[in-house]
Amino acid sequence: MTTIAENASLVTLINVFTVEPSNQQKLVDILARATDTSVRDAPGFISAALHRSADGTKVTMYSQWKSAEDYQHYRSTHSNQGASTYVDQVLAIAKFEPGMYEVVKVFSGPSKPPH
């Protein structure tokens with residue numbers, strides 16, 4: 001399960017994909033299939049969540065790994081296997097900006113009860 005917490009000692013990957021609205025659902029389907037068949041059982045993988053923009057131009061994938069090393073190991077061992085097929089399919093219809101992050105602050109609201 002996805003946990004967003006400070007000092008969780010997890011690595012968070014946030015990949016933002018830009019896509020034509022007519023290809024948004026196709027991209028969601030490819031990413032879901034790739035995660036379900038290629039990523040889900042990888043050592044160190046914790047969770048992922050797919051998000052799509054209301055205007056149809058973006059898809060964002062938020063994933064968590066136990067460590068950067070686990071993620072890098074997955075990438076190096078799967079780059080020549082089935083995962084590369086999914087990458088090719090994604091890059092044929094979308095551009096993406098990958099990023100590796102750590103959670104530094106979490107806010108919940110409201111800070112004061114309403115009157």
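Which residues form a nonpolar patch on the surface? The three close-ups below come from a predicted model, and the first one takes up that question.

**View 1. A nonpolar patch made of Val 87, Leu 91 and Phe 96.** These three residues sit together on the surface, and their accessible area adds up to about 250 Å². To get your bearings, start from Val 87, which belongs to helix 3 (residues 82-93). Val 87 has a relative accessible area of 43%, so it falls in the partly exposed class, between the 20% and 50% limits.

**View 2. Lys 105 and Glu 6 paired in a salt bridge.** Here the two side chains meet at 3.9 Å, N to O, which still counts because the cut-off is within 4 Å. This pair ties together distant parts of the chain, with the two positions 99 residues apart. Lys 105 lies in the segment after strand 5 (100-101), while Glu 6 is in the segment before strand 1 (11-19). Both ends are partly exposed: Lys 105 has 48% relative accessibility and Glu 6 has 33%.

**View 3. Asp 36 and Arg 40 in a salt bridge.** The N to O distance for this pair is 2.4 Å. Asp 36 is partly exposed at 41% relative accessibility. Arg 40, at 52%, is classed as exposed, because the limit for that label is over 50%. Put this view beside the Lys 105 and Glu 6 one and you have the full tally, as the count of salt bridges comes to two.

Notes: Residues numbered from 1 in each chain as written. Predicted model: local features only at pLDDT ≥ 70, side-chain atom pairs only at ≥ 80, totals over all residues. Heavy atoms only, no water. Patch = residues over 30% accessible without salt bridge, like charges linked within 9 Å, V, L, I, M, F, W, Y side chains within 5 Å. Areas by Shrake-Rupley, 256 points an atom, 1.4 Å probe, with all protein chains shown as cover. Helix = DSSP H or I, 4+ residues; strand = E, 2+ residues; numbered from the N terminus. Buried < 20%, exposed > 50% of the residue type's maximum accessible area, 1.4 Å probe, protein only.
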